[in-house]
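Visitor: I would like a close look at one part of this model, the nonpolar interior. Please place it within the whole chain before going into detail.

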Amino acid sequence: MKFSFHNQITIKTNNKQFTFFNEMLPSIFIPLSASKEYNKNLEPYKEQKEGLDRCKLCYKIRMDEAYKYASDNNFDYFTTVMTISRQKNSIVLNNIGLELQEKYKNTKYFIADFKKNKGIDKGLEIAKERNMYRQDYCGCIYSYNKRKSD
């Protein structure tokens, strides 16, 4: 079974538990989310604070690109680790994933909320132990600029 995600995740299925870490997973680089076109699409919402329409559009763009990769490469499942963030609404993210599942029918969406059971704390601990980079802004140029000005 193949999954599309990054960093670390534990999957429980049929009374078995599987834990995957960054070094076990393929690196997926999605260039659009760093492009001028991407930022232009978000520009009408640039003044919004995190969690509103800009973020929802960003989630849709980023998840669609990654989901397409998973589908094109015959992954059984797709999910997002964005649900680990306290600032991100897992219901919104999972609804986007379920919508995309209709578009990419050969790859199922794995509904998740990685915040549960102290997921963020576990993630922080693993990142610190493994000296992993942790981005301190949401991801778009507007959240980056806001972070720099704070």
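**The nonpolar cores and their setting**

Guide: This is a predicted model, and its chain has five helices and five strands. Following the sequence, these elements come in the order β-β-β-α-α-β-α-β-α-α.

Some totals for the chain give the setting. Buried residues make up 34% of the 150 in the chain. The chain exposes about 10,000 Å², and carbon and sulfur atoms account for 49% of that area. When contacts between residues at least 6 apart in sequence are counted, 62% of them link residues at least 24 apart.

Now to the interior itself. In soluble globular proteins, nonpolar side chains tend to be buried together. In this chain the largest nonpolar core has 14 residues. Those that touch the most other members are Tyr59, Met63, Tyr67, Phe78 and Leu100. Two elements, helix 2 and helix 3 (90-103), each give two or more residues to this core. Helix 2 is the main contributor, giving six residues, the most of any element.

Tyr59 is worth following residue by residue. Setting aside neighbours within four places in sequence, Tyr59 has contacts with Asp64, Met82, Lys88, Val92, Leu93 and Ile96. Apart from this core there is a second one, made of six residues. Tyr38, Leu42, Ile61 and Tyr142 are among them.

Two loop positions make a useful contrast with the interior. Most residues other than glycine have a negative phi. Asn74 departs from that pattern, with a positive phi near 60°. Asn74 lies in the loop that runs between helix 2 (53-72) and strand 4 (77-78). With a relative accessible area of 54%, Asn74 counts as exposed, because the cut-off for that term is over 50%.

Lys118 is the other such position, also with a positive phi near 60° in a residue that is not glycine. The loop that holds Lys118 connects strand 5 (108-109) and helix 4 (119-129). Lys118 has a relative accessible area of 60%, so this residue too is classed as exposed.

To put the parts together: the core of 14 residues draws six of them from helix 2, while the loop that follows helix 2 and leads to strand 4 holds Asn74, an exposed residue. The six-residue core that includes Tyr38 and Tyr142 is separate.

Conventions:
Residues numbered from 1 in each chain as written. Predicted model: local features only at pLDDT ≥ 70, side-chain atom pairs only at ≥ 80, totals over all residues. Heavy atoms only, no water. Helix = DSSP H or I, 4+ residues; strand = E, 2+ residues; numbered from the N terminus. Buried < 20%, exposed > 50% of the residue type's maximum accessible area, 1.4 Å probe, protein only. Contact = heavy atoms within 4.5 Å. Areas by Shrake-Rupley, 256 points an atom, 1.4 Å probe, with all protein chains shown as cover. Core = buried A, V, L, I, M, F, W, Y, C linked by side-chain atoms within 4.5 Å.
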